[in-house]
2 protein chains.
Amino acid sequence: MLIQLDLENAEPIYIQLQQQIIEGIAKKQLNPGESLPSVRSMAADIGINLHTVNKAYQHLKQDGYILIHRQKGVVINPDGVPKADGAYKEKLKANLRPFIADSVCRDLSEEEFIKYCSSIFAEFYNEEGDS
Amino acid sequence: MLIQLDLENAEPIYIQLQQQIIEGIAKKQLNPGESLPSVRSMAADIGINLHTVNKAYQHLKQDGYILIHRQKGVVINPDGVPKADGAYKEKLKANLRPFIADSVCRDLSEEEFIKYCSSIFAEFYNEEGDS
DNA sequence: CATCTGTTATACTATAAATATAACAAGCAT
DNA sequence: ATGCTTGTTATATTTATAGTATAACAGATG
């Protein structure tokens, strides 16, 4: 799987890595049970430090995306990702609010906003299994 | 206008303040031409440092939300907020992508996601002018 | 036994966030 | 003219996070 990082971006590297892996799972380029590179080889591949990779992995583990076996390595959660619960949905809404407030101020209509959301959903539903 | 800050939140204070003001504008509790408290009185009101308020104001100015006159003080942009342009829309889509990828993984449907967006839009359209 | 795994520990640098003072310059009211 | 308020600028300090650099440990596996 191809990992794209933007070192100039203000977003921390380990967050970007986290998001790239989540996108990979969403697009089904990464499937349940599949292995991820070890912290060391992933770090070497993308040219960052081992600890930065580990930080991303620990967060993904915390969120139920992956399992980490002490010696076997890292695998995408075979049981799939935990489904969105109430707390998750509340946090999601809280996260979306600033973007929507901003859009309202800038006269970007609800229709257009939702059109963008739909187009992003389509990205994930259509690119299933592609490289 | 009531400003609500959560000092425990990881979100920087100046960002929270910025968002609160933007929400105020979206809800039309704050209208074009209206004055905002000086950096000093705002800082005293909400119990933070003058520079933290100034940082929020500078960002709002940069984004076209407010005008700052050297001695007259701070006012909501009388001409209204600049409308969303192409660059803004691209950035918005890039910002939404991680949330949507996450939702897809967690089996949260496009319909439900959009329902949340609509409910937030409704918050702003319905509470116009309320305290 | 050597090698690979995640893990832990320590140290260092760089940056951002927030605060604390202090001072400056321009307008305005009395 | 004298204060007062305005945003602005400058300096300094503290705290926390991000990222890197090494090193070592513990448990499997070949």
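**Exercise 1. Where in H4(B) does a kink of about 30 degrees lie, and which proline comes shortly after?**

Solution. Start with the ground rules. This is a predicted model, in which local features need pLDDT of at least 70 and side-chain atom pairs count only at pLDDT 80 or more, while totals for chains, interfaces and linings use all residues. Residues are numbered from 1 along each chain as its sequence is written, chains are lettered from A and ligands numbered from 1 in the order in which they are written, and side-chain values use heavy atoms, with hydrogens and water left out.

Step 1. Find the helix. H4 of chain B covers residues 86-105, 20 residues in total. Helices (H or I, at least four residues) and strands (E, at least two) are DSSP runs, numbered from the N terminus.

Step 2. Find the bend. The kink sits at B:Arg97, shortly before B:Pro98. A bend at a residue is the angle between axes fitted to the seven residues ending there and the seven starting there.

Step 3. Check the span. From first C-alpha to last, H4(B) reaches 29 Å, close to the 28 Å expected at 1.5 Å a residue. The expected span is 1.5 Å times one less than the number of residues.

**Exercise 2. Find which residues of H4(B) are buried, and what they pack against.**

Solution. Step 1. Fix the term. Buried means under 20% relative accessible area, exposed over 50%, and partly exposed in between (1.4 Å probe, protein chains only).

Step 2. List examples. Among the buried residues of H4(B) are B:Tyr88, B:Leu92, B:Leu96 and B:Ile100. The list also includes B:Val104 and B:Cys105.

Step 3. Name the partners. In chain A, these buried residues pack against helix H1 (13-26), helix H4 (86-105) and helix H5 (110-126). In chain B, they pack against helix H5 (110-126).

**Exercise 3. Is A:Tyr88 buried or exposed, and what is it in contact with?**

Solution. Step 1. Place the residue. A:Tyr88 is in helix H4 of chain A.

Step 2. Judge the cover. A:Tyr88 is buried, because its relative accessibility is 16%.

Step 3. Read the contacts (heavy atoms within 4.5 Å). Neighbours within four places in sequence are left aside. A:Tyr88 then touches B:Phe99, B:Asp102, B:Ser103, B:Arg106 and B:Leu108.

**Exercise 4. Describe the surroundings of A:Val39.**

Solution. Step 1. A:Val39 belongs to helix H2 (residues 39-46) of chain A. A:Val39 counts as buried because its relative accessible area is 18%.

Step 2. Beyond neighbours within four places in sequence, A:Val39 is in contact with A:Leu50, A:Val53, A:Asn54 and A:Tyr57.

Step 3. Take A:Ile68 too. A:Val39 and A:Ile68 are 29 residues apart in sequence, and their C-alpha atoms are 11 Å apart in space.

**Exercise 5. Place two residues with positive phi, A:Lys28 and B:Asp107.**

Solution. Step 1. A:Lys28 has phi near 60 degrees, a positive value in a residue other than glycine. A:Lys28 lies in the loop between H1 and strand S1 (35-36) of chain A. At 43% relative accessibility, A:Lys28 is partly exposed.

Step 2. B:Asp107 has phi near 65 degrees. B:Asp107 follows H4(B), in the loop between H4 and H5 of chain B. B:Asp107 is exposed, with a relative accessible area of 51%.

**Exercise 6. How many helices and strands does chain A have, and in what pattern?**

Solution. Step 1. Chain A has five helices and three strands.

Step 2. Along the sequence, the pattern is α-β-α-α-β-β-α-α.

Step 3. Of the 131 residues in chain A, 40% are buried.
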